[in-house]
Number of protein chains: 2
Amino acid sequence: MAPVGAGLWRTLRAHQVYGANTDVGKTIVSTVLCNAVQRQKQRAAFLKPVSTGALDDADDRHLKRYGAGTLTKCLYQFDEPVSPHIAAKQKTIPRDDDLLASIHNTLTEWARKDIDFALVETAGGVHSPGPNGNSQADLYRPLRLPIVLVADSRLGGISSSISAYESLLVRGYDVQSVLLFRDDYYQNHDYLGNFFRKKSIPLVSLPAPPAKPAQVDADSLARDEEAMLSYYEQASKESSIAQLLEEMHTKNAERIERLAEMSSRAQDLIWYPFTQHHGMQPKDITVIDSAHDDYFQTYGTSQAETSVNELRPTFDGSASWWTQGLGHGNPNLSLSAAYAAGRYGHVMFAGAVHEPALTLADTLLKTLDNPRFAKVFYTDNGSTGMEVALKMGLRVACERYGWDASKEQISILGLKGSYHGDTIGVMDCSDPSVYNQKVEWYRGRGHWFDFPLVKMVDGKWKVEVPDEMRKNLGTDVEFESLDAVFNLDARLDSDKGRRYKDYIRQTIEGLVRERGMKFGALILEPVILGAGGMLFCDPLFQRCLTDVVRDHPEIFATESTHHKKEESWSGLPVIFDEVFTGLYRLGRPTSASFLGVHPDIAVNAKLLTGGLIPLCTTVASQEIFETFLSPEKSDALLHGHSYTAHPVGCTVAIESIKTMNAMDNNGSFDQFKTNWAQRVDSHAEKLAPHVWSVWSQDLIQDLSRAQPVESVFAIGTVLSISLRDAQGGGYTSNAAKGLQQQLAVGGHKFNVHSRVLGNVLYLMSSVTSKPESLQELEKLLRTALV
Amino acid sequence: MAPVGAGLWRTLRAHQVYGANTDVGKTIVSTVLCNAVQRQKQRAAFLKPVSTGALDDADDRHLKRYGAGTLTKCLYQFDEPVSPHIAAKQKTIPRDDDLLASIHNTLTEWARKDIDFALVETAGGVHSPGPNGNSQADLYRPLRLPIVLVADSRLGGISSSISAYESLLVRGYDVQSVLLFRDDYYQNHDYLGNFFRKKSIPLVSLPAPPAKPAQVDADSLARDEEAMLSYYEQASKESSIAQLLEEMHTKNAERIERLAEMSSRAQDLIWYPFTQHHGMQPKDITVIDSAHDDYFQTYGTSQAETSVNELRPTFDGSASWWTQGLGHGNPNLSLSAAYAAGRYGHVMFAGAVHEPALTLADTLLKTLDNPRFAKVFYTDNGSTGMEVALKMGLRVACERYGWDASKEQISILGLKGSYHGDTIGVMDCSDPSVYNQKVEWYRGRGHWFDFPLVKMVDGKWKVEVPDEMRKNLGTDVEFESLDAVFNLDARLDSDKGRRYKDYIRQTIEGLVRERGMKFGALILEPVILGAGGMLFCDPLFQRCLTDVVRDHPEIFATESTHHKKEESWSGLPVIFDEVFTGLYRLGRPTSASFLGVHPDIAVNAKLLTGGLIPLCTTVASQEIFETFLSPEKSDALLHGHSYTAHPVGCTVAIESIKTMNAMDNNGSFDQFKTNWAQRVDSHAEKLAPHVWSVWSQDLIQDLSRAQPVESVFAIGTVLSISLRDAQGGGYTSNAAKGLQQQLAVGGHKFNVHSRVLGNVLYLMSSVTSKPESLQELEKLLRTALV
């Protein structure tokens, strides 16, 4: 099933008609509008996707009779005048996706046939269930047609009209006009006119239609028909209707014009993150009109010159810089955000507490399930959260070892190619690289180990030892499966394990004893070093590094101040940066669990809010917390941001984590895996106990054997493809550009937006990606590479 | 008018009854519930704040007749069965605040009288207008009673019920239970039961009530009465009702229990920003249940032991760490956030564009109205935004002057006591202080000028020169008004102005020539140095500093690489940190305008989103932007955060800035001032052309003469009071603690939550604070100090 594009056509103004309630006169309003269009010598069309009620009453029939030549169509007709979800029980039900595709196809066809104006009428109110029981407002959201809202002119209609409007707004719809019947007693049009004027939404009131005939004899029906004809004749001539149609026309044109200008205006006004603007053209900027589930709706990306569709679904292949978990435009997250905004706005956090911050701390600690963790510190993003972790780590090390950091440099231990954010403190935690090379205040303060990589090359999983480490660590090793690579219990006592440990211990000893270095923390991105180039580190190496640091506190200070006890840090405080890898990105609540290590401090962000808004947590042990206790205010961790623990972020994070935990079924990785596997059933049988991914093993095998590919790996939602580069690769390589461009052109069903890191192209799904989307993506990859 | 407290009582379970629409049976449901309570030998009460419709039909009369002894009360009765806002036209209308106060008082009285259960019934649907035309959902929001939602069992009722629920959610209400009538044809109870079960909200369906009598003769009415009595007898005995009442009871008790535990649970789980936890007790933590406008609703802060109210309004005296502009729980911001979440979620920004980011960039550039500004760079908070500004500044200086920053230290110029955030890069931009003293990686890199302060002492405005600067800058100067202090046109050519400039130039020359320092940027917080202790800098000094830097590029480098042209930086790039002072905090769109300076780079955050969620902008000139252009990717500004330009933040910011700009009336400061002045009319006549504040001149005068007070100042929304401290003041002083505690106890009407910076206590309003609140606050200050 192809994802449906949002609806936007240059020549066809297509709107969806929603009612504030049932029986507010949607069809009569539609008929008036279509009449007026037809009378202007333009061509109107009316689409009723799902109709319930007796056949004679069917809305498209009404349009046919009174629409002054309006083209009409009904996709699914049910007989009983009840909600479609009940009516549908009696009939074959169209799948929601099919229904959307049919609507989109119909409208596209109409656009091709030079129809000028089309209305897609919903059934009942905005949240009335569609045939499969889903709210129409959710069901039709992928189309995101501009809305004509028919308000309710009856008693109570002010309220139901505003609430309906708000439900549409929460789902990211643009309500473009409001119509209702005039009722001089209740005067709803007056109140609502004022209300919508403040929102710059035009409201038009129409004369009330003739009363329905009390009898159904032939005479009454004939009189009714006469009255209706005359009503439409009158109503469609009202000047406010002509004006409204003009506005709708203008708005459609302006919207396309705005979209067309967006990339050049962006080029004028925006300074992009991580972007060399030199030589950048407007065409290099992706124009995103909206997004839903895994797809952006992008402008100017249609495949064919002949396409009349202005928008096209584009798979969000970087999960929007690794943030997405629960789909774009997720209404539950949207409502969570709105609830917290309505209940609190933002409230002061220092010295105060609100329920979302407390519940999130509790939920997070349970989810991370690390007996060392006791306290949660909030900041706004991974970079600031890592600065906090660093401050925590340095302080406790200096306290225990009696170092005066104002007089001597305290360094950190890490891995080459690590990345922890772009504020100076955490930049200094990374080794010199293209990211920090020209940053005036960058001063790398640490030692960074090179390390063996895990990759699939030519169909074989292997651990590849860097040339200059072979002397110490030995040669590359092949594994029969990725699972075997992660079987650390078996590997720890192997020759490799012993070599890793010896090498690491000797190296640190050398740095401390010979070069006099002092270390304040071990900082790792478990399993994958993301921004450094999607480097998949041998988990055994990270495990050994942690073990050596913890088992040999005597390396770090000659004094006997080092001690080790259960649930206390030893050697160095171990900080895990799980901003990218944590919270189910790799299929588990924590990436630490792959290493079998309980860090002393961990940082989470990105997926924390399911991919909606910035929020970060730095979690630490009680012992680390207590190191900052003293009668002196200046001993405290004097770090904070204005929006620390903002209730909106915390509330969204609670909803996100709970949703992901529920998929994980109470922390049981197996259950989560099985659930997922059932959805990606083609490779369910190949899942292994330790690791698995949403990407099929077949694909990984085939890609790894493809000529342009150097190596591949996949774990959890992440797929990474290293392309051969004669110049050696790295961040400045252009080797992956070609593949990126091929994906951007996309296939028959959608385009793919992806990010590259030098010669590496990676793709990342959300936690809720549909198997169909991923299978289609796999096809595109095969076409491009295999 | 006192702000109303949110409603929560230990023994009284009070709920507000909202209907999904009019005529859904709110009163019948209320009667069933009250009946059931009375039958359990508990005491029920029913409050109809505003009733419309014929007197005989009045809902409280219905309750009186059928409520099995339920106590009933109606506050305002209108005759016509139309919306209250129309009915009210015929009668004296209660003010919204009075209505809220009456409800709160009635419920409190009932709580005192040992009523167990109370329902406050609304009129019509959730958004039906109250007597003054405001939506009830907004009108009653300050009470934030838990909601009993009566859903609609008719055709269309699924939609209207869910929409009504969402409108309540967006306003931060807790919908605690849903009731509706069973209708076996439409089966709404089935669908809605499932829907609300997923939200953990119990739904109870009731048998449909007897049909209304067709005739109104005595016999029919008697039969109807009989039928109703029997209906209530039956319905109130349904086991689901007993169960629901039990749940309501439990939820009320659990809510209070949770509130009671919150501070100790927070103490267990949370590591607070900027907080020394040593000696901290749960009682030191403010428990915020919700917030509205300027008030938190706090638990455990009632003034009297005898109070039955569990919650009390507490003025948010720090504007929640300087973030608040448009009031807590602002429904427009809440809806803006929800709309963007629904339309986009978060979408990738590097290399892409979405409308909110573009519109915000445009709106912001127009609002800042600085001809130098051309490009907007987005980050998440003031600290990261300042890191970006710093990177911009250092790069352009090093480029122009040909310095290699990897080989030599490039410093910044600033003021003593400055603060730009807590990430290491911007910490290094501040002079050594208690904030950074124990931060292991802090290395101050700059020179920081001491500077003259503006303060009112003993009723006189004066500019106070620090002792060690008198030799160069001369003595203190008194001014007849604050306005005169800001009359920089007049002051620039004064003796002081010349002395300032000479001193600044000579100092920098000394640093560069004698100490070999190289400077890469001038970084200032215009007008007020916030976190440094609310230091009100003589604006002339900041102006002179900028002028000297720009007029004497030859100081900074011996090479002739320095040049000056219109709209190009000269000497050093000038960075203004307006995170705290910008966007109307001081009453103007920019604080730079007070100095008459156009900075080259400016950073805004806090008020940018009106006080809802984190977002930050760093705005720079075209020339600075172009310095980063090169064919080398590594020359780009390689800085970014995952949620860069998140659409939710951008959309909320657009709404906030537009709202504030509208108050400012298209950039005309005078109009904004006058608007504000009219609301704070008691001191309107004292407004001066250059500066003004929401705090009355009388107060400032009187406070400045009070014995415990060293000095005072007020500008825009900010009021700062320095208290005498024998130990000399500063961040570690406790001199302001006493005043803070007095304000925390509060007055008759509300408590005050404030923050202190050492011996300084400051208060800050939002942009929309009510004059009544501020006047009451002023009274509390006088009581405490004068």
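The paragraphs below walk through the nonpolar core, three helix pairs and several individual residues of this predicted model.

A good place to start is the interior. The largest nonpolar core takes in 504 residues. Those with the most contacts inside this core are A118, A337 and A338, named in chain A and again in chain B. This sits comfortably with a general pattern: in soluble globular proteins, nonpolar side chains tend to be buried together. Around A118(A), once neighbours within four places in sequence are set aside, the contacts are L12(A), A14(A), A45(A), L47(A), L107(A) and W110(A).

Helix packing comes next. Two packed helices are described by the angle between their axes and the distance between the axes. In chain A, helix α18 (residues 495-514) packs against helix α19 (residues 539-551) at an angle of about 50°, and their axes are 9 Å apart. The pair α18(A) and α19(A) is therefore classed as oblique. The crossing of these two helices is right-handed. On the α18(A) side the contact is made by K496(A), G497(A), Y500(A), K501(A), I504(A) and R505(A), while α19(A) supplies L540(A), F541(A), C544(A), L545(A), D547(A) and V548(A). Sorted by class, the contact between α18(A) and α19(A) holds seven nonpolar residues, one polar residue and four charged residues.

Y500(A) offers a closer look at this pair of helices. The residue belongs to helix α18 of chain A and counts as buried because 28 C-beta neighbours lie inside 10 Å, where 20 or more are required. Apart from residues up to four places away in sequence, Y500(A) touches L473(A), L540(A), F541(A) and C544(A). Of these partners, L540(A), F541(A) and C544(A) are also among the residues that α19(A) brings to the helix contact. Y500(A) and V548(A) lie 48 residues apart in sequence, with a C-alpha to C-alpha separation of 9.5 Å.

A second pair in chain A joins helix α25 (residues 737-745) and helix α26 (residues 771-785), which pack at an angle of about 130° with their axes 10 Å apart. That angle is why α25(A) is described as oblique to α26(A). Here too the crossing is right-handed. The contact involves L739(A), Q742(A) and L743(A) from α25(A), together with L780(A), A784(A) and L785(A) from α26(A). Five of the residues in the contact of α25(A) with α26(A) are nonpolar and one is polar, with no charged residue present.

The third pair is in chain B, where helix α1 (residues 26-39) and helix α2 (residues 59-66) meet at an angle of about 35°, their axes 10 Å apart. α1(B) passes α2(B) in a right-handed crossing. T27(B), S30(B), T31(B) and C34(B) represent α1(B) in the contact, and D59(B), H62(B), L63(B) and Y66(B) represent α2(B). By class, the residues in the contact of α1(B) with α2(B) comprise three nonpolar, four polar and one charged.

Attention now turns to a residue with partners in the other chain. E166(A) lies in helix α6 (residues 157-170) of chain A. With 28 other C-beta atoms within 10 Å, E166(A) is buried. Leaving out residues up to four places away in sequence, E166(A) touches S163(B), E166(B), S167(B), V170(B) and L335(B).

The loops also reward a visit. Most residues other than glycine have a negative phi. D369(A), however, has a positive phi near 50° without being a glycine. D369(A) is placed in the loop between α12 (355-368) and β12 (373-379) of chain A, and its 13 C-beta neighbours inside 10 Å make it partly exposed. S200(B) is likewise not a glycine and has a positive phi of about 60°. This serine sits in the loop between α7 (188-198) and β7 (203-206) of chain B. S200(B) counts as exposed because just 6 C-beta neighbours lie inside 10 Å.

In chain B, the loop between α12 (355-368) and β12 (373-379) holds N370(B). N370(B) is buried, having 21 other C-beta atoms within 10 Å. The C-alpha atoms of N370(B) and H598(B) are separated by 6.0 Å, although the two residues are 228 residues apart along the chain.

Note on methods. Residues are numbered from 1 along each chain as its sequence is written. Chains are lettered from A and ligands numbered from 1 in the order in which they are written. This is a predicted model: local features need pLDDT of at least 70, side-chain atom pairs count only at pLDDT 80 or more; totals for chains, interfaces and linings use all residues. A nonpolar core is a set of buried Ala, Val, Leu, Ile, Met, Phe, Trp, Tyr and Cys residues joined through C-beta atoms within 7 Å. A residue is buried if 20 or more other C-beta atoms lie within 10 Å of its own, exposed if 12 or fewer, and partly exposed in between; C-beta atoms are placed from the backbone. Two residues are in contact if their C-beta atoms, placed from the backbone, lie within 7 Å. Axes are lines fitted to C-alpha atoms, for helices over the stretch in contact, and angles run from 0 to 180 degrees between N-to-C directions. Helices (H or I, at least four residues) and strands (E, at least two) are DSSP runs, numbered from the N terminus. Angles under 35 degrees count as roughly parallel, over 145 as roughly antiparallel, 65 to 115 as roughly perpendicular and the rest as oblique. A crossing is left-handed if the near helix is turned anticlockwise from the far one by less than a right angle, and right-handed if clockwise. Ala, Val, Leu, Ile, Met, Phe, Trp, Tyr, Cys and Pro count as nonpolar, Asp, Glu, Lys and Arg as charged, and the others, Gly among them, as polar.
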